[in-house]
Amino acid sequence: MTSRDTKEQRLQESRLKRAKALAGIDPRRDPPPPGAVLADHAELAHNNTYDLLPKFYVDRAIVCRQCGTEEVWLAEKQKWWYEVAKGNINTDAVLCRSCRESKKAQRAEARRVHLEGVAKKRAKHGT
Ligand SMILES: [Zn+2]
């Protein structure tokens with residue numbers, strides 16, 4: 001392991017620790033802590049909910065459903081998910097980055113195989 005990896009790891013760990021310390025905060029009711037990313041309620045209007053909407057996002061510690069890795073879900077990424085990708089406010093990140101990436105790769109591979117099959121079928125039917 002290089003020293004750069006260790007540094008990266010230390011950074012991840014301190015981020016995780018900070019995210020866990022913020023876990024008790026309620027973004028719907030509490031005032032935003034330093035470093036919070038403010039929410040834009042106009043962008044959250046797609047949520048059909050009577051619940052209060054969050055006023056801000058803070059880094060959150062998540063546990064990957066697939067491999068159990070603890071990871072930080074960054075406040076900026078949450079804002080993107082809920083406000084740009086229009087994710088439902090009641091949905092959470094459930095997979096860590098590496099599981100998400102391998103899932104994406106799997107999907108791409110399945111698609112490639114599918115398209116190959118389609119192309120073969122077309123060739124067989126003589127076009
Ligand atoms: Zn994972």
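**Pockets and cysteines**

Me: What makes up the lining of the largest pocket, by class?
Reply: Ten charged, nine nonpolar and no polar residues form that lining. Asp, Glu, Lys and Arg count as charged, Ala, Val, Leu, Ile, Met, Phe, Trp, Tyr, Cys and Pro as nonpolar, and the others, Gly among them, as polar. The model is predicted: local features need pLDDT of at least 70, side-chain atom pairs count only at pLDDT 80 or more, and totals for chains, interfaces and linings use all residues. Residues are numbered from 1 along each chain as its sequence is written, and side-chain values use heavy atoms, with hydrogens and water left out.

Me: Which residues lie nearest the centre of the largest pocket?
Reply: Trp-73, Trp-81, Ala-93, Leu-95 and Arg-100 do, out of 19 lining residues. Helix 3 gives the most to this lining, with six residues.

Me: How many residues of the second largest pocket's lining are nonpolar?
Reply: Eleven are nonpolar, beside two polar and five charged. Of its 18 lining residues, Pro-27, Pro-54, Arg-60, Gln-78 and Tyr-82 lie nearest the centre.

Me: Why is Cys-96 called buried?
Reply: Its relative accessible area is 1%, and buried means under 20%, exposed over 50% and partly exposed in between (1.4 Å probe, protein chains only). Cys-96 is therefore buried.

Me: Why is Cys-67 called partly exposed?
Reply: Cys-67 has a relative accessible area of 41%, so it belongs to the class in between.

Me: How many disulfides does a search of the whole structure find?
Reply: The search finds zero. A disulfide is a pair of cysteine sulfur atoms within 2.5 Å, so no pair in the structure meets that limit.

Technical notes
On a 1 Å grid over the protein atoms alone, a cavity is a set of points where a 1.4 Å probe fits but cannot get out, and a pocket is an open set with protein on both sides within 12 Å along at least five of seven lines; lining residues have an atom within 4 Å of a point. Helices (H or I, at least four residues) and strands (E, at least two) are DSSP runs, numbered from the N terminus.
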